[in-house]
Each structure stands twice: as C-alpha cells, then as structure tokens.
Amino acid sequence: MVKRALIFVHRWLGIALCLLFLLWFPSGIGMMYFPMPSVTPEARFERLPILQASTVAISPGAAAEKLGVDAADLTLTSFDGRPAYRVGGGRGDGGPVIYADNGEEQGEVSDEMVQRLASTWTGQPVSSASVEEVTEVDQWTLQTRLADLSPVFKYSWPNGEQVYVSQSSGEVVQYTTTASRIGAYLGPIPHWFYFTPLRKNGPQWSRVVIWSSGIGTIAAIIGVVIGIWMYSPSRKYRYAGTPTSIPYRGQKRWHTVFGLIFGVATVTYAFSGMLSMDPFPSFNDRVQQRRGGGEPNIRTALTGELDPAAFDAKHPREALEQLGDIQVKEIDLMSFNGEAFYLVRLADGDTRVVPMRGDPRTGFDQREIVRVVSAAADGQMTTQLLNQYDRYYLDRTRQLPLPVVLAEGTTGLQTRYYIDPKTARIVRTYNSSNWVNRWLYNGLHSLNFPWLYNYRPLWDIVVITLMLGGTALCVTSLILAWRALGRKLARVLNAKDTREPTLSEDLA
C-alpha cells in the first residue's frame with residue numbers, strides 16, 4: 001500500500017510539474033553562457049572617455065567642500081563627456097556630479113543631454129532611433145526601480161540595440177541587443193520564471209518559485225525512492241524474455257533508468273533552486289545572530305584614519321601628467337593605512353597607484369598589507385597569499401584578481417577577507433553565516449567547486465551532462481503525463497457516452 005501511494009503521489013506531482021522541470025533543465029545550460037541583459041560596471045567603464053590632464057582644473061578638496069563630503073568619497077570620472085567628480089564612484093547610482101573642468105554642479109538633465117547619453121552609448125545618431133517613454137516595467141526593466149528613475153526613455157535602433165536612459169539621474173539604466181535578448185530567452189527568463197506578468201509582482205513571483213521548486217523537490221525524492229525500491233539487483237523481472245532489474249517497458253522503463261542515474265542530481269537541483277529564494281529568512285537571521293560579533297574591522301584597518309586635506313598634496317592633473325602617455329579613464333581617491341593615494345584605472349583594465357609623494361607604481365607591498373591586517377587582528381586572524389582560487393574565492397570567467405592576500409578570522413563568524421595587493425582593497429568576503437548559500441545553493445546548483453572550475457571545460461562537460469540527463473528525464477515525464485491525462489480524459493468521455501439520458505435530453 002505504501003508503494004502504491006508513493007507511485008500515485010509521484011505520478012500526479014510529475015504531471016503537474018513536468019513542464020516546469022522541462023523549463024529548468026535546458027535553460028540551465030543557457031544560464032551557463034547567457035546572462036540577463038544589464039548595464040554592468042565594465043560596460044560603463046568601457047564607454048568612458050580618456051581623462052586629459054589639461055581639462056582637470058578643480059581640486060578634490062574644492063569639489064568635496066562644494067558637495068559637503070570627504071574627498072575620499074569621490075571618484076574623478078566623466079559625465080556627458082566631461083571630467084567630473086562623483087560621490088561613491090558614480091557607477092550607475094546617480095550620485096551628485098561636480099564638473100572638474102569648471103567646478104559647476106550638474107543640475108537638471110535636459111532632453112538634449114538624454115539624447116547625447118543614448119547616442120554616445122551606442123555610437124549611433126539619435127535621429128535613426130525610435131523613442132518612447134517607459135511608464136510601466138517591461139521584460140528588460142524588471143530589475144529596475146522604475147519609479148525612482150522616471151522619466152525613463154527607451155531608444156531603439158534598427159540594428160536591435162536598445163538603450164534605456166533615466167532623465168532624473170542622467171544614467172543609462174538598461175542596454176540590450178538582439179543577441180542578448182535571445183540569450184535571455186534561452187536562459188535566465190525561463191529559468192527564473194522572469195515572465196513580465198508574473199515577475200513584476202515580486203511577492204507572488206517569489207511564492208510561485210519557492211512552492212514549485214519545493215514541491216518539485218518532494219516529487220523528485222519520491223521518484224528516487226520508488227526507483228530504488230523497484231530496482232532488483234538479482235534481476236527478478238523479465239523483459240523481452242530475458243531477466244532484467246527494471247519491471248517496466250517503453251517510456252516507463254526509460255523514465256526509471258534516467259531517474260536512477262540522474263534522480264539525485266534532480267533532487268539537489270530543485271532543492272538548491274528553492275534555497276536561492278531564501279525561503280527560510282528567520283533561520284538565516286538566527287544563524288547570523290548566534291555566530292556574530294567579536295571580529296576586527298579589517299576594511300577600516302586597511303584604509304586607516306585619513307586627513308581630509310591629504311589630497312591637497314598632489315592635484316589629479318599632476319598624477320595624470322606623471323603617468324605620461326598611459327590612457328586613464330577613472331581615478332579613485334583612496335587611502336591605505338592612513339596614507340592618501342590615487343587609484344588610477346587604465347583603459348586596458350589595469351590599475352596604477354599614485355601616492356601623494358613619489359612616483360606611480362603597480363601596487364602595494366604584500367608584506368605591508370599583511371602587517372596592517374595582523375596589527376588590527378591582534379592574533380584573531382591568519383594570513384596567507386593565494387596564487388589560485390580556493391573553495392570560497394573562485395570565478396569561472398577568471399576575472400577576479402590573483403594573487404590575493406587571504407586574511408581569515410579565527411573567532412566569531414570566521415570571516416575570510418580576500419585583498420587585492422594591486423589596490424589594497426577587499427574584493428571578496430565570506431563568513432560562516434553564508435554556509436547555506438555557499439554549499440547548499442551555489443555548490444549544489446552551480447557545482448562551483450575549485451576542482452571543476454580550475455579545469456574547464458571539465459565543469460562545462462559535467463554540468464551539461466547533468467542538464468541533458470535531467471532534460472531526458474523530464475521528456476519521459478512529459479510523455480507519461482500526456483498518456484495518463486489522455487487515458488483519464490478518454491474514461492471521462494466514455495462515461496458520458498454510456499450514461500443514461502436525462503429527461504431533457506430525451507425531449508430534445
């Protein structure tokens with residue numbers, strides 16, 4: 001009776017969810033190579049003009065005084081093609097702007113400026129684009145706080161490029177191409193259920209994803225249990241006149257075979273997908289509260305206490321002149337151990353450090369970083385230099401910097417700080433309160449383990465194999481569901497044809 005009950009539950013849960021699983025597995029392959037279109041910091045940086053020393057007239061101190069902030073909060077970048085100081089880096093956050101060429105503060109964004117921003121982004125004239133105001137979220141602005149950015153205008157060019165510009169912030173807030181939109185439909189949109197009518201209602205979308213993946217996990221677990229229960233190592237069943245370990249034929253047989261091979265992976269895939277939605281926030285909060293406290297502030301120790309007037313010792317124009325012919329796009333005003341310096345971001349993606357006194361250099365002394373961290377930690381941290389990715393610091397695109405200094409706490413949350421010696425800045429952190437997210441979500445869902453990531457395309461082969469196996473399992477589920485529903489519908493129709501006619505039908 002237990003076996004029959006499990007088969008009944010598994011069959012009807014499979015009928016209800018087979019299409020959803022069939023969306024998840026193939027789109028999982030798409031997710032490996034096609035991201036959701038977005039305006040990344042790298043895309044913004046690529047489109048910045050080269051800073052020219054002759055155009056930078058205003059000092060960081062003067063800009064900071066006018067904005068009412070510390071100079072260390074500023075970045076010398078560009079806005080509307082002109083050198084400008086921005087608070088917090090100005091990487092799409094719409095912070096206040098002071099032009100570095102004449103000290104004027106950027107005010108209201110004009111229609112002409114919006115057109116220039118859109119045209120500069122694509123390198124095409126606005127006259128060849130169609131323009132419309134975006135008043136409601138569409139497929140490509142689902143992740144955008146549209147109400148905070150309105151009015152937003154969408155510029156569409158004949159070659160498929162689309163640029164969304166916020167007039168309130170003067171920022172490009174979304175950019176898509178024909179290829180990126182097709183890629184999104186092959187990966188993120190079906191995988192995340194990012195269909196506009198559903199996704200624009202955040203709470204409802206979250207409930208649908210959590211419940212469907214949660215129930216799918218249960219259905220997959222039951223399927224694995226049934227498959228193992230029915231499997232006969234002694235081959236007591238007969239198939240085509242020969243002994244066999246599986247009692248079924250046709251699609252049921254294939255479904256059982258694929259389930260025995262890929263069933264556990266299906267369970268972990270559905271379960272880890274549910275965890276991505278943080279279905280147990282109260283549990284995570286309790287873990288953090290129970291483990292928190294007692295750790296040194298390494299971020300503060302790296303910067304140290306800085307005199308607000310420290311950047312007066314060297315004008316950014318002088319720093320640019322020191323770098324000569326090297327093409328510079330941005331200059332961050334930063335400090336290390338209380339000493340001010342300019343972190344210069346070059347057009348080729350590299351960086352340089354320009355101290356207030358002395359010549360530019362490629363980075364910081366790793367031993368000095370270790371000394372500062374050790375002094376702040378007071379015996380509560382260990383340090384080491386990593387020349388390759390580890391189990392918590394890894395990137396399959398290999399864009400995260402190496403080598404890095406790893407500072408690992410021995411108390412509290414046991415936080416791991418990964419510090420880039422070229423910038424003396426923390427590029428990644430991890431602590432024990434993130435264990436569930438790291439291993440039960442990222443580990444199980446993306447298989448982002450160093451022994452796979454460090455030997456690509458091994459990771460691609462393993463993941464694609466599992467995705468194809470899951471897809472095959474779902475295809476057999478769909479066929480079986482179609483047959484089961486067909487039989488059910490046929491019985492209902494036959495029952496209608498054989499029932500006694502009613503008085504009204506006789507009269508008719």
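This is a short tour of the structure above, stop by stop, with what to select and what you will find there.

Before you start, note that the model is predicted: local features need pLDDT of at least 70, side-chain atom pairs count only at pLDDT 80 or more, and totals for chains, interfaces and linings use all residues. Residues are numbered from 1 along each chain as its sequence is written, and side-chain values use heavy atoms, with hydrogens and water left out.

**Stop 1: helix H1 and a nonpolar patch**

Select residues 2–33, which form helix H1. Helices (H or I, at least four residues) and strands (E, at least two) are DSSP runs, numbered from the N terminus. H1 has 32 residues and reaches 43 Å between its first and last C-alpha, close to the 46 Å expected at 1.5 Å a residue; the expected span is 1.5 Å times one less than the number of residues. Look for a bend of about 55° at Leu17, taken as the angle between axes fitted to the seven residues ending there and the seven starting there.

Now pick Val2, which is exposed at 54% relative accessibility. On this scale, buried means under 20% relative accessible area, exposed over 50%, and partly exposed in between (1.4 Å probe, protein chains only). Among the buried residues of H1 are Leu17, Phe21, Trp24 and Phe25.

Add Ile221, Val225 and Trp229 to Val2, and you have a nonpolar surface patch of about 360 Å². Patch residues have over 30% relative accessible area and no salt bridge; like charges are joined within 9 Å, nonpolar side chains (Val, Leu, Ile, Met, Phe, Trp, Tyr) within 5 Å. Helix H9 (residues 202–230) gives the largest share of the patch, three residues.

**Stop 2: Ala63**

Move to helix H3 (residues 60–67) and select Ala63. This residue is buried, at 1% relative accessible area. Which residues touch Ala63, leaving aside neighbours within four places in sequence? They are Ile58, Leu74, Tyr85 and Ile98, with contact meaning heavy atoms within 4.5 Å. Show Gly103 as well: its C-alpha is 7.1 Å from that of Ala63, although the two are 40 residues apart along the chain.

**Stop 3: backbone geometry**

Most residues other than glycine have a negative phi, and most peptide bonds are trans. Select Ser150 and Pro151 to see a cis peptide bond, with omega about 0°; Pro151 sits in the loop between helix H5 (146–149) and strand E5 (152–156). Leu402 to Pro403 is also cis, with omega near -5°.

For positive phi, try Asp278, near 50°, in the loop between helix H10 (250–275) and helix H11 (281–291). While you are there, look along H10 for a kink of about 65° centred on Phe262. Then go to Arg398, where phi is about 60°; Arg398 lies in the loop between E13 and E14 and is partly exposed at 47%.

**Stop 4: salt bridges around Arg416**

The structure holds 13 salt bridges, each a side-chain nitrogen of Lys or Arg within 4 Å of a carboxyl oxygen of Asp or Glu. Select Arg416 and Asp390, whose closest N and O atoms are 2.8 Å apart. This pair links distant parts of the chain, with Arg416 in strand E15 (residues 416–420) and Asp390 in the loop between E13 and E14, 26 residues away. Arg416 is buried at 5%, and Asp390 counts as buried at 13%. Add Glu408, which also meets Arg416 in a salt bridge (3.0 Å, N to O); Glu408 is partly exposed at 25%.

To finish, select Arg44, Arg86 and Glu171, which are linked in a salt-bridge network.

Note on methods:
Areas by Shrake-Rupley, 256 points an atom, 1.4 Å probe, with all protein chains shown as cover.
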